[in-house]
Amino acid sequence: MVSFLTDGLSRMISNQALTPHGPGFRFIDRFEKIGPAEGMGWKFLDPSAGFFADHFPGNPLMPAVLVVECAAQAAGVLLMGDGKNPTTPVFLASIDQFRILTPISPGETLETRVLLEKEFGPLAICAIECSASGRAVARGKITLSREITKPHSS
Amino acid sequence: MYEASVESLREILMQNCMLKIDPSTIGEETPLFGPEGVGLDSLDALQIVIAVEKRYGIAIGDPNTAKDALQSLGVLRDWIQKRLPPQAV
């Protein structure tokens, strides 16, 4: 277990750069550590975000792939030490299981609970539970890597 | 407790890894990693580690141990069998 996950204190962070992403691709507004290996991230789904216009015209819904991105960024913040060192990125390596349970609308806040289940070398498996307006909207498991895996020749 | 056999471990590979070759061609001594063998990657290794722990109750604790234990199905079988509790007679 890495040391920054062991202080045991719940800590609220309000930071405009919790992850190394640029402002156009930040999917965590706020992150709180709620246990030694557990945290919660929040993302307000701004109705003016460009993707809502086309997904779908007249019926805006949060794209499921961006829910996964929210989950990956929340897990990344947990692994990177609550945003203490946001310049050292981790990478989404695998979406092991993920289920979208209900649609999510613009104007809602996506809450992502992330639990670090296992670390093995550079890899870390995180369990994810997403909710919005008090209802469960998605859950799953993802694996992040502290290294970029070289592409394989087929 | 499950018995560790090459067949049962091949099943674990089929269920947990993204195999690029016909599983029936994976023999006892076929290297699991590298271009000359099955060509598994570190994500596959992690899935095998989790599956072995779940099925046999034996933890492969760190990547160095995994490197030793996951050389081939035969090596993994022997590694697990050495750590299984003795069967009641």
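**View 1. Where chain A meets chain B.** In this predicted model, eight residues of chain A touch seven residues of chain B. Look at the chain A side of this meeting place: three of its residues are nonpolar, five are polar and none is charged.

**View 2. The largest nonpolar core.** Here you can explore a core of 57 residues. Which of them touch the most other members? They are V67(A), A71(A), A74(A), A75(A), C126(A) and L144(A). Elements from chain A that give two or more residues to this core are α2 (64-79), β5 (109-120), β6 (123-132) and β7 (135-145). Chain B joins in with α1 (6-16), α2 (42-56), α3 (63-69) and α4 (73-83). The biggest giver is α2(A), with 10 residues. As a general rule, nonpolar side chains in soluble globular proteins tend to be buried together.

**View 3. A closer look at L144(A).** Setting aside neighbours within four places in sequence, find the contacts that L144(A) makes with A72(A), A75(A), G76(A) and L79(A), among others. Its contacts also include V90(A), F91(A), L92(A) and A93(A), as well as A124(A) and C126(A).

**View 4. Chain B on its own.** Follow chain B along its sequence and you meet the pattern α-α-α-α, that is, four helices and zero strands. Its radius of gyration is 12 Å, close to the 12 Å that the globule rule gives for 89 residues, so chain B is as compact as a globular protein of that length. Along the principal axes, its C-alpha atoms fill a box of roughly 40 × 25 × 20 Å. Of the 89 residues of chain B, 28% count as buried. Now consider contacts in chain B between residues at least 6 apart in sequence: 56% of these join residues at least 24 apart.

Terms used: Residues are numbered from 1 along each chain as its sequence is written. Chains are lettered from A and ligands numbered from 1 in the order in which they are written. This is a predicted model: local features need pLDDT of at least 70, side-chain atom pairs count only at pLDDT 80 or more; totals for chains, interfaces and linings use all residues. Two residues are in contact if their C-beta atoms, placed from the backbone, lie within 7 Å. Ala, Val, Leu, Ile, Met, Phe, Trp, Tyr, Cys and Pro count as nonpolar, Asp, Glu, Lys and Arg as charged, and the others, Gly among them, as polar. A nonpolar core is a set of buried Ala, Val, Leu, Ile, Met, Phe, Trp, Tyr and Cys residues joined through C-beta atoms within 7 Å. A residue is buried if 20 or more other C-beta atoms lie within 10 Å of its own, exposed if 12 or fewer, and partly exposed in between; C-beta atoms are placed from the backbone. The radius of gyration is taken over C-alpha atoms; the globule rule is 2.2 Å times the number of residues to the power 0.38.
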